[in-house]
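This report describes selected features of one protein structure for a reader who is new to the subject. The sequence and the model are shown first, and the description follows.

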Amino acid sequence: MQIGVIGAGYVGLVTAAVFADLGNDVVCHDRDESRIRMLQQGEMPFYEPGLQEMVTRNMRDRRLRFTTRVDEMVDFARVIFIAVGTPADSDGDTDLSQVKSAARAIGQHMKEYKIIVNKSTAPVGTGDLVRQIIAAHQPQPVPFDVVSNPEFLREGSAIQDMLNPDRIVIGAPSRQVAMAVMELYAPLGRPILVTDVQTAEIIKYASNAFLALKISFINAIADLCEATQADIEMVARGIGLDHRIGPHFLRAGLGYGGSCFPKDVQSLIHTARRYRVDDGLFVAAHRINRVRVERFVHRMDHVLNGLDGKAIGVWGLSFKPDTDDLRESRAVELVQRLLDAGATVQVYDPVAVPRARTVLGDTVVYCTNAYEAAQDVDALAIATEWREFRQVDFDRLRQRMRQPIIFDGRNMYDPERMARMGFYYYSIGRPMVSPERAAG
Ligand code: UGA
């Protein structure tokens, strides 16, 4: 099949690469010239495991190419995926300007029947809007159909998620149109759910909001555990073993970040209000998440007797492991709050430092390894659970620190072990431990 993709961001690029890898001919368009030039030279605009190899292989085999010319892409493709950004506007509603401009461009250049598939996360009703914009911009009326096919991939495991989704949702205006899109996904052999367009649009928001809700739920329970000396990790296991609840997305910590959950929960709140539906549940998830880092820093401030003039090491900057994405990163918020409180901050992240320089500038010291970030600090804070932080030489770490105090925002270690290794260890929703307590 001849496929076009508008947008060479996470979703667009992964979609283009995977469909090419499945044997389709794919043209990926982005209006950002420097991004397209980079891609044409085989360089990725962001870090995503496995993507570079897949893109390079398919470019070499001439199944995948990149262009800044939207007319060329529209001419070529029978099915066009819209995978552009849908950021939040200043009051948290969804900014659809990129979706609208993609629809305009498709309309202007369409000369024969096409299926337009929206993959961008956009509120219910966007499919209709895209249809109207295309129709309004066609020089001559040409038939077309608009489909909603939400994407559920996660950064850091995007390729695997796209090849192996739990389900594929296709919201189409008719069975026949759904079948054409289903054909593209058939080689994956995964469950496919066919719905109408607005149902598919809501499935995307309901999925993300439900996961965000699970995280805020476990964080609210973590606060209760902290107040009562209970252990959130055991509570999460205790409830997660009930198969009706399930064990996933119950990791307490600094809360959710990234380019999806914070924005999608906010967008859902706007949609609920627009349709005069109760938004209380979503507002609560957002409120609980918003205060996680503030609460964490407050605790650091209390334990360290003020943060002004203190040296703090921070491990992790990306919003989660295996990505260099800093959007809505709780780790970056943590660093900023520490700086605001007068601390000096030295940071380490396995991949996100180059990007962090553009956000944090020279307000922090960038370190080249985890131990360096702990050199002479009054305390170390862990903000992102990178795998390499699991296997730490704790003796070496302790000797580097001015005081052996760790604030773990991602519950990476067993508290008893940390106490035995000589640390004062504060984690989320678990009792604090100290070397004295271990000795006693
Ligand atoms: C999320 C969804 O998981 C994907 O299914 C969806 O396709 C994507 O949004 C999207 O809409 O594009 P992503 O933002 O890449 O994917 O990252 P997640 O792995 O879901 O993590 C989101 C945030 O939740 C991270 O900050 C993570 O640290 C946090 N989290 C996750 C927790 O705090 N606790 C958990 O138990 C799980």
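In this predicted model, strand β9 (residues 311-315) runs parallel to strand β10 (residues 344-348), and five bridges join the two strands. Between β9 and β10 the chain passes through helix α14 (residues 330-340), and the β-α-β crossover made in this way is right-handed. Individual bridge partners can be named. Ala-311 is partnered by Thr-344 in β10, and Gly-313 has Gln-346 of β10 as its bridge partner.

Strand β9 also pairs with strand β12 (residues 379-382), again in the parallel sense, over four bridges. Within this pairing, Val-314 is placed opposite Ala-381 of β12. In general, the strands of a sheet pair through backbone hydrogen bonds, and the pairing may be parallel or antiparallel.

These pairings belong to an open sheet of six strands, in which the order is β11-β10-β9-β12-β13-β14 and the pairing is parallel. The edges are formed by β11 (365-366) and β14 (424-426); each has a single partner strand, so one side of each is left without a neighbour in the sheet.

How many residues of strand β9 are buried? Five of the five are buried, so β9 is largely enclosed by the rest of the structure. Ala-311, Gly-313 and Trp-315 point one way from the strand, Ile-312 and Val-314 point the other way, and all of them are buried.

Strand β4 (residues 79-82) is likewise covered on both faces: Val-79 and Phe-81 on one side, and Ile-80 and Ile-82 on the other, are all buried. β4 is joined to strand β1 (residues 2-6) by four bridges, and these two strands run parallel. In that pairing, Val-5 stands opposite Phe-81 of β4. Four bridges also join β4 to strand β5 (residues 114-118), with the strands running parallel. Here the bridge partner of Ile-82 is Asn-118 in β5. Together with helix α5 (residues 97-109), β4 and β5 make a right-handed β-α-β unit.

Helix α9 (residues 197-228) contains 32 residues. From its first C-alpha to its last, α9 reaches 47 Å, which is close to the 46 Å expected at 1.5 Å a residue. The residue that follows α9 is Gln-229, which has a positive phi near 65°.

Most residues other than glycine have a negative phi. Two further residues with a positive phi, Arg-62 and Asn-411, lie in loops. Arg-62, with phi near 60°, is located between α3 (51-60) and β3 (64-67). Asn-411, with phi of about 45°, is located between β13 (405-408) and α18 (415-420). Are these residues buried or exposed? Arg-62 has a relative accessible area of 74% and is therefore exposed, the cut-off being over 50%. Asn-411 has a relative accessible area of 10% and is therefore buried, the cut-off being under 20%.

Leu-397 is part of helix α17 (residues 394-400). Its relative accessibility is 0%, so Leu-397 counts as buried. Along the chain, Leu-397 and Ala-83 are 314 residues apart, and 44 Å separates their C-alpha atoms.

A search of the whole structure finds two cavities of 30 Å³ or more. Their volumes and the character of their linings are set out below.

| Cavity | Volume | Nonpolar lining residues | Polar lining residues | Charged lining residues |
|---|---|---|---|---|
| Largest cavity | about 100 Å³ | nine | one | four |
| Second largest cavity | about 50 Å³ | three | five | three |

The largest cavity is lined by 14 residues, and those closest to its centre are Lys-119, Glu-151, Pro-165, Ile-168 and Tyr-185. Two elements, α7 (158-163) and β7 (168-171), give two or more residues to the lining of the largest cavity.

Which element gives the most to the lining of the second largest cavity? Helix α9 does, with three residues. The residues that line the second largest cavity include Asn-118, Lys-119, Glu-201, Lys-204 and Tyr-205. Asn-118 thus appears in two parts of this description: it is the bridge partner of Ile-82 in β5, and it is among the residues that line the second largest cavity.

Conventions
Residues numbered from 1 in each chain as written. Predicted model: local features only at pLDDT ≥ 70, side-chain atom pairs only at ≥ 80, totals over all residues. Heavy atoms only, no water. Expected span 1.5 Å × (residues − 1). Buried < 20%, exposed > 50% of the residue type's maximum accessible area, 1.4 Å probe, protein only. Pairing = 2+ DSSP bridges. Right-handed = clockwise from strand over helix to strand, strands pointing away. 1 Å grid on protein atoms, 1.4 Å probe; cavity = no way out; pocket = protein on both sides within 12 Å on 5 of 7 lines; lining within 4 Å. Points joined across faces, edges and corners; volume = space filled by probe spheres on them. Nonpolar A, V, L, I, M, F, W, Y, C, P; charged D, E, K, R; others polar.
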